[in-house]
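Me: Please take a close look at a single part of this model, the surroundings of the ligand, and then follow the elements there into the sheet. I would like one connected account rather than a list.

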Amino acid sequence: EEKRSLNFIEIAVENDLAAGKNGGRLNTRFPPEPNGYLHIGHAKAICMDFGIAQKYGGTCNLRFDDTNPVKEDVEYVDSIKEDIHWLGFDWGDRLYYASDYFPKLWDLAVKMIEEGKAYVDEQSAEEIAQQKGTPTQPGTESPYRNRSVKENLDLFIRMNKGEFEEGSMVLRAKIDMTSPNMHMRDPIMYRIIKHPHHRTGNTWNVYPMYDFAHGQSDYFEGVTHSICTLEFEVHRPLYDWFVDELADDSYRPRQLEFNRLNLTYTVMSKRKLLQLVKENLVAGWDDPRMPTICGLRRRGYTPSSIRNFIDRIGYTKYDGLISVSLLEHSIREELNKTANRVSAVINPIKLVITNYPEGQVENLIAENNPESPEAGSHEIPFTRELYIEREDFMENPPKKFFRMTPGQEVRLKSAYIVKCTGCKKNEAGEVEEIYCEYDPLTKSGMPESGRKVKGTLHWVSAQYNQKVEVRLYDRLFNVENPAEEKERDFRELLNPDSLIVKTDCRIEPYLASIAKPGDRFQFQRMGYFCVDSDSTSDKLIFNRTVALKDSWEK
Ligand code: ATP
Ligand code: MG
Ligand code: MG
């Protein structure tokens, strides 16, 4: 483990603990809205919320922030739980739903109405927005601002009974229409939504807004540090104002903000991710090109590679764009240490060793992982006819082509040095078969095996292999920051080559005998691959997690 210095949130927490605030307790929460699957940005929040509680002996609540029934669903609740566990974190018995607080929030709203701190506004959303003013111009007060407590109470109760249409009225906090902070200009506390809720059904026709629900939920749960992303920094005075309505001196939650994660060549907004899924622009939330946790899992990422990536990028007070190469580096680094090396030919062409005895089979020894000798070795059958990658042969190559070309020697990995003697072409001029001669004295361990040749190629036996499908994934978008291309439809920015399916790939028998869904391997020279969950006993499917080298950043 690399040592890193404390981030500003850890420092703030250490100071609060040292000062004995809230009785020296640390209680964080992770508050996803169940309106989509978790993505790598959420992983950053999860690593903070759960990680900091772990580090300082505190607790972390999982709270579903389910205050908008229109977009929420139990499908999302279940996937969120699965993904948090997969990332390596656990909420134990600390599972909460903001919807469980609807009665308490209602009571608080009623109390605020009775104290003259909240009123029902019957203006349209547009009128309310217009009266908000600008950061440099004070807003104007609603004509409904000073109606009587009795009238406010009556309307609020009838709003919840379902007597009024959506959008016809809202409950607002009576704060200050001249505040320099726009969020303090009589924020909306409740709106009418007539849509069944995935947990409370048709009990409610009014639902609390984020700002009203969030701090109160923190308070009800005893949360001490409510850590969120920077866009909520300007909401903090309102968070504190609402908490004041509940808090006594003995305890109060504190909001802290860090920079959200944005990654190059992808989008992170749940709205856009949902659109990709709904419009079948990807195969689903767990499409290996998606920045979702389930997508990364299916792509072959490990929980530790994601946690290490998050640890490396750190937490700051400045928003920015992180290169996806850093994420790729993290999984490549890990798999280099842990993934066994195997032989797979993705785009096969036949290589015939003309001086090798027909019918002969040698079981050669292939090292599993040069980075970890204890990983051992396996056998790979060598025969007169092999498959190699089509791209590894050129009849008239440019300079410095150290692969298969007439007259040149190359090493076949774990086997012999061969010299190319020519090829056969079809009528269209396409190469159909390549010929070479082997030198029997160049087998690993033999006197001539150390002979200097520049290229080493991977291969599989043409007689002993298994046909598989390989899915080559690349970046989903062609532009670094799709969210910034405001004038263009983001569908136009998709990379048309983000998925290339190869159906006639050949793998060595050893791999065929052990591969099961989720397993990860290094295909010699081709990258890191994992076995896809679509695989059946008849047909294995491999996803490319990442190439061996970064081909985008030269
Ligand atoms: P979206 O805006 O796409 O709907 P969200 O922020 O509303 O996303 P939530 O489900 O409310 O999604 O997020 C739960 C928690 O995860 C919040 O505390 C939020 O701040 C945090 N989070 C969401 N996206 C990111 C991100 N890109 N980087 C860091 N934290 C994030
Ligand atoms: Mg949201
Ligand atoms: Mg949110």
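Reply: In this predicted model, helix 2 and strand 8 (225-229) each supply at least two residues of the shell around ligand 1, and helix 2 gives the most, with 4 residues. The shell has 15 residues in total, of which Gly-41, Ala-45, Thr-229, Arg-260 and Lys-270 come nearest to the ligand. Sorted by class, the residues around ligand 1 divide into 6 nonpolar, 4 polar and 5 charged.

The sheet to be followed from here is an open one of 3 strands, in the order 1-2-3 and with parallel pairing. Strand 1 (27-30) and strand 3 (95-97) stand at its edges, and because each has a single partner strand, one side of each is left without a neighbour in the sheet. From one strand to the next, the twist averages 35°.

Helix 2, which spans residues 40-55, packs on this sheet and touches both strand 1 and strand 2, its direction making about 155° with that of strand 1. The two strands that helix 2 touches are themselves joined, since strand 1 and strand 2 (residues 59-64) pair in the parallel sense over 4 bridges, and Phe-30 has Leu-62 in strand 2 as its bridge partner. A further helix, helix 7 (residues 210-221), lies across strand 1, strand 2 and strand 3, and runs at about 135° to strand 2. Helix 2 thus appears in both parts of this account, as a contributor to the shell around ligand 1 and as a helix packed on the sheet.

Note on methods
Residues are numbered from 1 along each chain as its sequence is written. Chains are lettered from A and ligands numbered from 1 in the order in which they are written. This is a predicted model: local features need pLDDT of at least 70, side-chain atom pairs count only at pLDDT 80 or more; totals for chains, interfaces and linings use all residues. Two strands pair if DSSP finds at least two bridges between them. Axes are lines fitted to C-alpha atoms, for helices over the stretch in contact, and angles run from 0 to 180 degrees between N-to-C directions. Two residues are in contact if their C-beta atoms, placed from the backbone, lie within 7 Å. A residue is near a molecule or strand if its C-beta atom, placed from the backbone, lies within 6 Å of it. Ala, Val, Leu, Ile, Met, Phe, Trp, Tyr, Cys and Pro count as nonpolar, Asp, Glu, Lys and Arg as charged, and the others, Gly among them, as polar.
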